[in-house]
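Work through the exercises below with the sequence and the model side by side. Try each task before reading its solution.

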Amino acid sequence: MSNSSFNFFIIVLGFLLLGLPIILIHYSTVPPTPEQFYSEINIIDAVQDGRSAIILNDTAKINGSSSYWSSLGALPELSYINNLTDLIKEEENFLATVDTQNYGGFKKNIHIFNLTMRISLWDNNTDTFYSEYNATLNGSSTFMFVKLDIETDAYSTFATGQYPSINNIMGEIDSRGVQLKYIITVNFNANIEKTDGNYKISFGRVILIDVNEFPILFLSNEISWSLVKVS
């Protein structure tokens with residue numbers, strides 16, 4: 001073997017013995033990217049209205065067993081409706097103890113939690129509703145609950161296969177002279193570790209609140225966590 005070949009061999013060997021392990025150690029300890037670990041909670045109230053934060057908090061607690069749905073009976077799909085306050089508490093508890101060194105580098109662990117809840121004063125413009133409806137739910141929800149008065153209910157496509165068009169519902173709100181006070185939007189996406197693996201889910205909500213501070217229209221596209229296990 002010539003001296004040049006031998007020298008090249010020594011350089012390559014030195015790289016393998018020293019450089020490559022250093023590179024591997026470096027990449028194994030790289031901090032997680034936003035695709036591997038990300039947690040953000042945005043709760044946005046109407047700063048000019050002191051009641052808005054209370055209403056937003058109250059609607060965030062609605063889940064499938066809430067009395068809000070009492071007129072619907074025991075619909076199985078109500079179990080899909082998440083208590084957002086509980087989700088936030090679980091995330092906060094997780095963040096209090098998590099070691100982010102378990103994410104990033106060559107590790108396969110993933111944790112994504114991204115929640116935005118916003119309440120705004122109603123501006124007496126239905127175009128605002130349609131804009132939020134399209135942006136949040138892509139113009140199509142899988143769950144609708146309407147409670148304009150004691151005898152008015154419309155609900156999930158899971159249960160009935162159909163429900164009144166949103167155009168008809170907004171027309172009904174207008175024709176009855178229902179006075180609205182707030183509009184709420186929720187956007188959530190997550191990829192969360194549970195004891196038996198990772199679950200990935202995303203959903204949105206649009207809620208209209210009347211002047212009595214009652215959610216007269218609840219739209220969502222939530223589905224069951226059990227349907228979206230990814231690993």
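## Exercise 1: The cores

**Task.** In this predicted model, find the largest nonpolar core and say which residues have the most contacts inside it.

**Solution.**
1. Count the members: the largest nonpolar core holds 33 residues.
2. Rank them by contacts inside the core. Trp69, Met117, Ile184, Phe188, Phe218 and Trp225 have the most.
3. Assign the core to elements. At least two residues each come from α2 (52-60), α3 (84-97), β2 (111-121), β3 (143-146), β4 (180-194) and β5 (197-210).
4. Pick the main contributor. β4 gives the most, with 6 residues.
5. Look for a further core. Another one, of 20 residues, lies apart from the largest. Leu148, Tyr163, Ile166 and Leu208 are among its members.

## Exercise 2: One tryptophan

**Task.** Which residues does tryptophan 69 touch, leaving out those up to four places away in sequence?

**Solution.**
1. Start with Ile62, Asn63 and Gly64, which Trp69 touches.
2. Add Leu78 and Ile81.
3. Finish with the phenylalanines Phe143, Phe145 and Phe218.
4. Set this beside the core: Trp69 is among the residues with the most contacts inside the largest one.

## Exercise 3: The sheet

**Task.** Give the strand order of the sheet and its pairing.

**Solution.**
1. Trace the order: β1-β2-β4-β5-β6-β3. The sheet is open, has 6 strands and shows mixed pairing.
2. Find the edges. β1 (37-44) and β3 each pair on one side only.
3. Compare directions. Neighbouring strands are turned by 10° against each other on average, direction ignored.
4. Inspect one pair. β4 and β5 run antiparallel and are joined by 14 bridges.
5. Check the register there: asparagine 189 stands opposite serine 202 in β5.

## Exercise 4: Helices on the sheet

**Task.** Which strands do α2 and α3 meet, and at what angle to β2?

**Solution.**
1. Take α2. This helix packs on the sheet and touches β1, β2, β4, β5 and β6 (215-220). Its direction makes about 135° with that of β2.
2. Take α3. This helix lies across β1, β2, β4 and β5. It runs at about 135° to β2.

## Exercise 5: The whole chain

**Task.** Describe the overall make-up of the protein in terms of elements, burial, contacts and surface.

**Solution.**
1. Count elements: 6 helices and 6 strands.
2. Read them from the N terminus: α-β-α-α-β-α-β-α-α-β-β-β.
3. Take burial. Of the 231 residues, 38% are buried.
4. Consider contacts with a separation of 6 or more. Residues 24 or more positions apart account for 72% of them.
5. Close with the surface. The accessible area is about 12900 Å², and 54% of it belongs to carbon and sulfur atoms.

Terms used. Residues are numbered from 1 along each chain as its sequence is written. This is a predicted model: local features need pLDDT of at least 70, side-chain atom pairs count only at pLDDT 80 or more; totals for chains, interfaces and linings use all residues. Side-chain values use heavy atoms; hydrogens and water are left out. A nonpolar core is a set of buried Ala, Val, Leu, Ile, Met, Phe, Trp, Tyr and Cys residues joined through side-chain atoms within 4.5 Å. Buried means under 20% relative accessible area, exposed over 50%, partly exposed in between (1.4 Å probe, protein chains only). Helices (H or I, at least four residues) and strands (E, at least two) are DSSP runs, numbered from the N terminus. Contact means heavy atoms within 4.5 Å. Two strands pair if DSSP finds at least two bridges between them. Axes are lines fitted to C-alpha atoms, for helices over the stretch in contact, and angles run from 0 to 180 degrees between N-to-C directions. Accessible areas come from the Shrake-Rupley method with a 1.4 Å probe; for residues, only the protein chains shown count as cover.
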